[in-house]
Amino acid sequence: MGKHATLQVRVEDAMKAEAEQLFEALGLSLSEAVRLFIAESVNERRLPFTPHLSKSEGATSAFGKLRHYGNPTQSSDERAAWLKEQGASDAERPKSTPRGRSRDIVIVDKTVLLHYLLDNDPRRAAKARRIIAGGAARAYPETIVACVAALESDYHVPRSLIGTVMALLADDVSMEDGAAVRLAARLYGAGKLSFAEHLLAARNVLTGYPVETFSKPLSRTIM
């Protein structure tokens, strides 16, 4: 038997008490539950659960972020000035509080997300914002992939900005596999692969599952 190490973890008192009550009902002590989590993670080479990012009540932090890319008459200097102004306003905006799950789910497609981000049609953008602010919107990874492709090819938005905005969108919209989408957005903003390829790389990182590919650029980014 190997040597034992001591692990210390800081959590809030209320959360600790709630966890102890839960694990006691399952026939486990808190220490046993932590050991079980670590052992299962090591054995499976991944987290023993699918992480989900909670969105915020009424969050619309990504709304209109790409408005000036939806207006082709805007000069690059005007776009840069507007983006700088947006960054300053974001720093002053108070953060929204976490929300619970909404029972009324509406699946949104690429067109809704594009109008929400670009704000290039007043009526449709307003409707997209109402849906998303109401907490009912859910997007799937394939929709995010299509949205990113349109922003890059049709609206010529820089990759780094797309990555930043997609991360903001993950705060506004409930996303299936949201942790992978958020990580893919960060990788995409700094990388050269397609968003779909970065999504595969993100899933590889988060799950530990191997990825088989004949793509040399993709193979260099996965574990």
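Helices here are DSSP runs of at least four residues, numbered from the N terminus. With that in hand, the tour of this predicted model can start at helix α7, which covers residues 159-172 and has aspartate 172 in it. Aspartate 172 is tucked away: its relative accessibility is 0%, and since anything under 20% counts as buried, this residue is buried. The side chain of aspartate 172 still has a partner, though, as a polar contact of 3.0 Å joins it to the side chain of serine 61.

Stepping back to the overall layout, the protein has ten helices and three strands. Going along the sequence, they come in the order α-α-α-β-α-α-β-α-α-β-α-α-α. The protein has 223 residues, and 32% of them are buried.

Helix α7 is also home to alanine 167. With a relative accessible area of 21%, alanine 167 counts as partly exposed, because the buried class takes in values under 20%. Alanine 167 sits 18 residues away from alanine 185 in sequence, and in space their C-alpha atoms are 6.1 Å apart.

Next come the charged pairs. Side chains of opposite charge can pair when their charged atoms come close. Five salt bridges turn up in the structure. One of them pairs arginine 182 with aspartate 171, with 2.5 Å between the closest N and O atoms. Arginine 182 belongs to helix α8 (residues 178-190) and aspartate 171 to helix α7, so this pair ties together parts that lie eleven residues apart in sequence. As for cover, arginine 182 is partly exposed at 26% relative accessible area, and aspartate 171 is partly exposed too, at 25%.

Another salt bridge brings together the side chains of arginine 203 and aspartate 177, at 2.6 Å from N to O. Here the pair links distant parts of the chain, 26 residues apart: arginine 203 is in helix α9 (residues 195-207), while aspartate 177 is in the loop between β3 (174-175) and α8. Arginine 203 has a relative accessible area of 29%, so it falls in the partly exposed class. Aspartate 177 has a backbone quirk as well, namely a positive phi of about 60 degrees although it is not a glycine.

A third example is the salt bridge between the side chains of arginine 159 and glutamate 152, where N and O are 3.7 Å apart. Glutamate 152 is partly exposed, with a relative accessibility of 33%. Histidine 156 is found in the loop between α6 (141-153) and α7. Like aspartate 177, histidine 156 is not a glycine and yet has a positive phi, in this case of about 55 degrees. Histidine 156 counts as exposed because its relative accessibility of 58% is over the 50% cut-off.

The surface also has some patches to look at. Arg123, Arg124, Lys127 and Arg130 gather into a patch of positive charge. Arginine 124, one of these residues, is part of helix α5, which spans residues 122-133. At 47% relative accessible area, arginine 124 is partly exposed rather than exposed, because the exposed class needs over 50%.

A nonpolar patch covers about 780 Å² of the surface, built from Leu7, Val9, Val11, Met15, Val34, Phe37, Ile38, Val42 and Leu47. Which helix gives the most to the nonpolar patch? That is helix α2 (residues 30-44), with four residues. Valine 42 lies in helix α2 and is among the residues of the patch. Its relative accessible area is 49%, so valine 42 is partly exposed.

Last in line is arginine 220, in the segment after α10 (216-219). Arginine 220 has a relative accessible area of 66%, which means that it counts as exposed. Between arginine 220 and alanine 201 there are 9.8 Å in space, C-alpha to C-alpha, and the two are 19 residues apart in sequence.

How values were computed: Residues are numbered from 1 along each chain as its sequence is written. This is a predicted model: local features need pLDDT of at least 70, side-chain atom pairs count only at pLDDT 80 or more; totals for chains, interfaces and linings use all residues. Side-chain values use heavy atoms; hydrogens and water are left out. Patches are made of residues with over 30% relative accessible area and no salt bridge: like charges are joined within 9 Å, nonpolar side chains (Val, Leu, Ile, Met, Phe, Trp, Tyr) within 5 Å. Accessible areas come from the Shrake-Rupley method with a 1.4 Å probe; for residues, only the protein chains shown count as cover. A salt bridge is a side-chain nitrogen of Lys or Arg within 4 Å of a carboxyl oxygen of Asp or Glu. Lys and Arg count as positive and Asp and Glu as negative; His and the chain ends are not counted. The place of a charge is taken as NZ of Lys, CZ of Arg, CG of Asp or CD of Glu. Helices (H or I, at least four residues) and strands (E, at least two) are DSSP runs, numbered from the N terminus. Buried means under 20% relative accessible area, exposed over 50%, partly exposed in between (1.4 Å probe, protein chains only). A polar contact is a pair of N or O atoms within 3.5 Å; within protein, one must be able to donate a hydrogen and the other to accept it, and residues adjacent in sequence count only if both atoms are side-chain atoms.
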